[in-house]
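Colleague: I am new to this one, and I would like to know how its labels are earned. Could you take me through a few of them?

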Amino acid sequence: MRYRSLIVAFLALCFGILTACSDAPTTLNRDQLTYDEILNTGLANKCPQISEYTRSSIPIERGETYLISDLCLEPQEFFVKEEPVNKRQVAEFVPGKLLTRSTTSLEQIRAELNVGTDGTLTFKELDGIDFQPITVLLPGGEEVPFFYTIKSFTGQTEAGFSSINSSVDFEGTFKVPSYRGAGFLDPKGRGVVTGYDSAVALPAGGDDTDYNRANVKKTDMGKGTMSLQITKVDSTTGEIAGVFESEQPSDTDLGARDAREVKVRGIFYGRVEPRV
């Protein structure tokens, strides 16, 4: 009985240590891991992280151009806009389940950061692994493929910035290439630059207007919008991190059907460097 209070105090201390360790910020540095340590773990699809408590700023000079390297965007939530059954209701985004394996992040991206004379920041994506084909599953069982990308993203902030801090929010547009290429053939052997002009089973009705949309394949360029919100800045290393949200069209099966509107949310990471 005399040891009961001592045991209770010891258990309380242990639970306190476990709770503190579980709430501690975690950092991910794949450069310190070997190939075998990353293989089949899902870490290759994770963007680097910086401490949750990093809230500094990176000073910038107006009229100068900076380089953002190692930009990585990790999508975490997917939504698809569905038309309501009742016409009086408004179309809403419904969450989708990711079907694609762990190859969804965009990484090794370079971008320019131009600082205007009025303190406006302009973000321009240059190159990198800036696209991934992704498929999500809706609650009703429908599969929606789309070409997740930020190609040629150009975003701007409001004026008045003299540093990169947690108040920076880039908003702009980007290009969305066709999910399928011009050389792709559908199950009936139809394509843009090769294949049949119409379904082989209906040669006499190839020019019928009812089949025209499925027969005449297109690789149209779509357009998306995105917002990049910086929430963490490390002035010592030049690292930035935050959250993003983008909206873009889905696959159209080379023009055979209407595109769906897809919303993607996730986190991003990058490093700000002087342009040389």
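Modeller: Happily; we will go label by label, starting with the ground rules. This is a predicted model, where local features need pLDDT of at least 70, side-chain atom pairs count only at pLDDT 80 or more, and totals for chains, interfaces and linings use all residues. Residues are numbered from 1 along each chain as its sequence is written, and side-chain values use heavy atoms, with hydrogens and water left out.

Colleague: Why is threonine 122 called buried?

Modeller: Its relative accessible area is 12%. Buried means under 20%, exposed over 50% and partly exposed in between, using a 1.4 Å probe and protein chains only. Threonine 122 is therefore buried.

Colleague: And why is threonine 194 called partly exposed?

Modeller: Threonine 194 has a relative accessible area of 38%, so the label is partly exposed.

Colleague: What makes the link between the side chains of threonine 122 and glutamine 156 a polar contact?

Modeller: The two side chains are joined at 3.2 Å. A polar contact is a pair of N or O atoms within 3.5 Å; within protein, one must be able to donate a hydrogen and the other to accept it, and residues adjacent in sequence count only if both atoms are side-chain atoms.

Colleague: How do you know that β11 and β12 pair?

Modeller: Strands are DSSP runs of E, at least two residues, numbered from the N terminus. Two strands pair if DSSP finds at least two bridges between them. Strand β11 (residues 169–176) and strand β12 (residues 222–234) have 8 bridges, in the antiparallel sense. Phenylalanine 170 has leucine 228 as its bridge partner in β12.

How values were computed:
Helix = DSSP H or I, 4+ residues; strand = E, 2+ residues; numbered from the N terminus.
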